[in-house]
Amino acid sequence: MGWMIAMKWAVLVGLICIHQVHTATVIEIEKPKDLKKTIATKTNLLVLYTNVKNADMTSIKNVLRTIDGVVAFVDCTNKELKKAACKKALPNDENFILKHYKDGQFNKDYDRQLTKNSLQNFLRDPTGDFP
């Protein structure tokens, strides 16, 4: 009888692990030195640079929060960040851009669909080709 309880418990724990929801580690960047430190210390980082207000970026940010990985948000409307971090990263005609950094170095601009699956696949193999 005791082994049945142990078996049920093992199955329950296994099901909980299978259905566990992954979420991104989100880092809100407030200062240029915070961005430099984050890029230097994270091995697989996706950075969202945006020059529109947060309310307009809610849907994109919500998708980014659902992936399993590390994401940093850089608000380029902040004057200090705009001058130091966004000047090179965000083209003038763009509202936002996603950039990937691997092992402290810029890897590439994210150029795939803005869906959870596409983002997740990219973070698993950021140097690979399109699926």
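Reader: Thr 41 lies in helix α2. Why is Thr 41 counted as exposed?

Author: This is a predicted model, and everything below is computed from it. Thr 41 has a relative accessibility of 52%. The label "exposed" needs a value over 50%, so at 52% Thr 41 counts as exposed.

Reader: What makes the link from Thr 41 to Lys 37 a polar contact?

Author: The side chain of Thr 41 reaches the backbone oxygen of Lys 37 at 2.9 Å. The cut-off is 3.5 Å for a pair of N or O atoms, one able to donate a hydrogen and the other to accept it. A distance of 2.9 Å is within that limit, so the pair qualifies. For a wider view of this spot, take Lys 102: Thr 41 and Lys 102 are 61 residues apart in sequence, with 9.9 Å between their C-alpha atoms.

Reader: On to Lys 99, then. Where does Lys 99 sit, and why is Lys 99 called buried?

Author: Lys 99 is in strand β4. Its relative accessible area is 9%. Buried means under 20%, so Lys 99 is buried.

Reader: What does the side chain of Lys 99 make a polar contact with, and which residues does Lys 99 touch?

Author: The polar partner is the side chain of Asp 109, at 2.6 Å. Leaving out residues up to four places away in sequence, Lys 99 touches Leu 45, Leu 46, Val 47, Tyr 49, Ala 89, Phe 106, Lys 108 and Asp 109.

Reader: Gln 120 is found in helix α5. Why is Gln 120 called buried?

Author: Similar reasoning: the relative accessible area of Gln 120 is 11%, and the buried class takes values under 20%, so Gln 120 belongs in it. Apart from neighbours within four places in sequence, Gln 120 is in contact with Ile 67 and Asp 68. The buried residues of α5 are Ser 118, Leu 119, Gln 120, Phe 122 and Leu 123.

Reader: What covers the buried residues of α5, and how does α5 run relative to β2?

Author: The cover includes β2, α3 (58–66), β4 and β5. Helix α5 (residues 116–124) lies across β2 (44–50), β4 (96–102) and β5, running at about 135 degrees to β2.

Reader: What makes β1 and β5 edge strands?

Author: Start with the strand order. The five strands form an open sheet with the order β1-β3-β2-β4-β5 and mixed pairing. β1 (25–29) and β5 (105–109) each pair on one side only, and that is what puts them at the edges. From one strand to the next, the twist averages 30 degrees.

Reader: How do you know that β1 and β3 pair?

Author: At least two bridges are needed for two strands to pair. Five join β1 to β3 (residues 70–75), so β1 and β3 pair, and they run parallel. Among these bridge partners are Val 26 with Val 71 and Ile 27 with Ala 72.

Reader: How many bridges join β2 to β3?

Author: Six, and these strands run parallel. On this side, Val 47 stands opposite Ala 72 of β3.

Reader: What makes β3 "mostly covered"?

Author: Five of the six residues in β3 are buried, each of them under the 20% cut-off.

Reader: What makes a set of residues a nonpolar core, and which members touch the most others in the largest one?

Author: The members must be buried nonpolar residues joined through side-chain atoms within 4.5 Å. The largest core has 18 residues, and Ile 29, Leu 35, Leu 45, Val 47, Tyr 49 and Val 74 touch the most other members. β1, α2 (32–41), β2, β3, α4 (79–89) and β4 each supply at least two residues, with the largest share, four residues, coming from α4. A second, separate core of 15 residues includes Ala 24, Leu 98, Tyr 110 and Leu 119. In soluble globular proteins, nonpolar side chains tend to be buried together.

Reader: Which residues is Ile 29 in contact with, leaving aside its neighbours within four places in sequence?

Author: They are Asp 34, Leu 35, Thr 38, Ala 72, Phe 73, Val 74 and Leu 81.

Reader: And for the chain as a whole, what pattern do the helices and strands follow?

Author: The chain has five helices and five strands, in the pattern α-β-α-β-α-β-α-β-β-α. Of its 131 residues, 34% count as buried.

Terms used
Residues are numbered from 1 along each chain as its sequence is written. This is a predicted model: local features need pLDDT of at least 70, side-chain atom pairs count only at pLDDT 80 or more; totals for chains, interfaces and linings use all residues. Side-chain values use heavy atoms; hydrogens and water are left out. Axes are lines fitted to C-alpha atoms, for helices over the stretch in contact, and angles run from 0 to 180 degrees between N-to-C directions. Contact means heavy atoms within 4.5 Å. Buried means under 20% relative accessible area, exposed over 50%, partly exposed in between (1.4 Å probe, protein chains only).
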